[in-house]
Amino acid sequence: MALPPFERACVLIRHYETLHAPKHWPTIAYGHVVKKGENYKKRQYSHTEAERILRKDLSQLCAYYRGYGADSLLLACLAYNVGSGRIQNSTLLKKLKSGNRDIYQEYTSFSRYKGRRHPGLYRRRWMELELFFNP
């Protein structure tokens with residue numbers, strides 16, 4: 001907790017994503033999904049390269065959710081994992097927009113895989129809430 005929030009977010013993401021291998025293409029580095037037009041190659045990225053990509057992506061997501069104030073980092077961490085498209089029309093975002101801060105159920109609902117709650121994803125959501133949510 002001694003680290004600034006953005007640094008804590010990077011540590012958490014690195015922990016859960018790990019450094020992806022070329023066999024995970026188009027996912028590279030620490031969970032970056034290569035989009036059409038991006039100039040990334042199918043190869044193993046070093047920790048330094050992966051860290052740079054992670055920080056760039058997370059910064060962009062924080063900027064995207066800046067209008068949510070203190071919740072921008074929380075939303076950025078979630079979007080880094082599930083994509084901002086899944087969040088856009090979610091009950092989670094609707095509650096936050098309306099000022100309703102009771103979001104535990106909505107936030108942890110993003111821990112499902114193949115229709116079932118995945119323990120690792122649930123633990124990740126719980127950690128994100130503990131580290132970045134201020135009710």
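User: Leaving aside its neighbours within four places in sequence, which residues is E106 in contact with?

Analyst: In this predicted model, E106 is placed in helix α6, residues 104-108. Once the neighbours within four places in sequence are set aside, the residues in contact with E106 are T91, L92 and K95.

User: Is E106 buried or exposed?

Analyst: The relative accessible area of E106 is 17%. Buried means under 20% relative accessible area. On that criterion E106 is buried.

User: What distance separates the C-alpha atoms of E106 and L93?

Analyst: E106 and L93 are 13 residues apart along the chain. Their C-alpha atoms are separated by 8.9 Å.

User: Which residues does L92 touch, not counting residues up to four places away in sequence?

Analyst: L92 is, with I87, one of the two residues that touch the most other members of the largest nonpolar core, which has 35 residues. With residues up to four places away in sequence not counted, L92 touches L75, L78, I103, E106, Y107 and F110.

User: Which element gives the largest share of the largest nonpolar core?

Analyst: The core has 35 residues, among which I87 and L92 touch the most other members. Two or more of its residues come from each of α1, α2, α3 (72-82), α5 (91-98) and α7 (119-132). The largest share, nine residues, is that of α3.

User: Why is α3 largely enclosed by the rest of the structure, and how many of its residues are buried?

Analyst: The buried residues of α3 are S72, L73, L74, L75, A76, C77, L78, A79, Y80 and V82. Helix α3 is largely enclosed by the rest of the structure because, of its 11 residues, the number buried is 10.

User: Which residue follows α3, with a positive phi?

Analyst: Phi of this residue is near 90°. The residue that follows α3 is G83.

User: How is α1 oriented relative to α3: roughly parallel or roughly antiparallel?

Analyst: Helices α1 and α3 pack with their axes 11 Å apart, at an angle of about 20°. Angles under 35 degrees count as roughly parallel. The angle therefore makes α1, relative to α3, roughly parallel.

User: How many nonpolar residues are in the contact of α1 with α3?

Analyst: The two helices form a right-handed crossing. From α1 the contact takes P5, F6, A9, I13 and E17, and from α3 it takes L73, C77, Y80 and N81. One of these residues is polar and one is charged, while the nonpolar residues number seven.

User: How are α1 and α7 oriented to each other?

Analyst: Their axes come within 11 Å and cross at roughly 175°. Angles over 145 degrees count as roughly antiparallel. The orientation of α1 and α7 to each other is therefore roughly antiparallel.

User: How many charged residues does the contact of α1 with α7 have?

Analyst: On the α1 side are P5, R8, A9, L12, I13, Y16 and E17, which meet G120, R123, R124, M127, E128, L131 and F132 in α7. By class, eight of the residues are nonpolar and one is polar, while the charged residues number five.

User: At what angle do α1 and α2 pack, and which term describes α1 relative to α2?

Analyst: Helix α1 spans residues 5-17 and helix α2 spans residues 47-64, with their axes 11 Å apart. The packing angle is about 120°. This value makes α1, with respect to α2, oblique.

User: Which residues in α2 do those of α1 meet?

Analyst: Helix α1 passes α2 in a right-handed crossing. Its residues F6, E7, A9, C10, I13 and R14 take part. In α2 they meet H47, E51, L54, R55, L58, S59 and C62.

User: Which residues does a cis peptide bond join?

Analyst: Omega of this bond is about 15°. One partner, P26, lies in the loop between α1 and β1 (27-28). The bond joins W25 and P26.

User: Is A29 buried or exposed?

Analyst: A29 is found in the loop between β1 and β2 (32-33). Its phi is near 55°, a positive value in a residue other than glycine. With a relative accessible area of 1%, A29 is buried.

User: What is the relative accessible area of T18?

Analyst: T18 lies in the loop between α1 and β1. Although T18 is not a glycine, its phi is positive, about 60°. T18 is partly exposed, and its relative accessible area is 44%.

Notes:
Residues are numbered from 1 along each chain as its sequence is written. This is a predicted model: local features need pLDDT of at least 70, side-chain atom pairs count only at pLDDT 80 or more; totals for chains, interfaces and linings use all residues. Side-chain values use heavy atoms; hydrogens and water are left out. Axes are lines fitted to C-alpha atoms, for helices over the stretch in contact, and angles run from 0 to 180 degrees between N-to-C directions. Helices (H or I, at least four residues) and strands (E, at least two) are DSSP runs, numbered from the N terminus. Angles under 35 degrees count as roughly parallel, over 145 as roughly antiparallel, 65 to 115 as roughly perpendicular and the rest as oblique. A crossing is left-handed if the near helix is turned anticlockwise from the far one by less than a right angle, and right-handed if clockwise. Contact means heavy atoms within 4.5 Å. A nonpolar core is a set of buried Ala, Val, Leu, Ile, Met, Phe, Trp, Tyr and Cys residues joined through side-chain atoms within 4.5 Å. Buried means under 20% relative accessible area, exposed over 50%, partly exposed in between (1.4 Å probe, protein chains only). Ala, Val, Leu, Ile, Met, Phe, Trp, Tyr, Cys and Pro count as nonpolar, Asp, Glu, Lys and Arg as charged, and the others, Gly among them, as polar.
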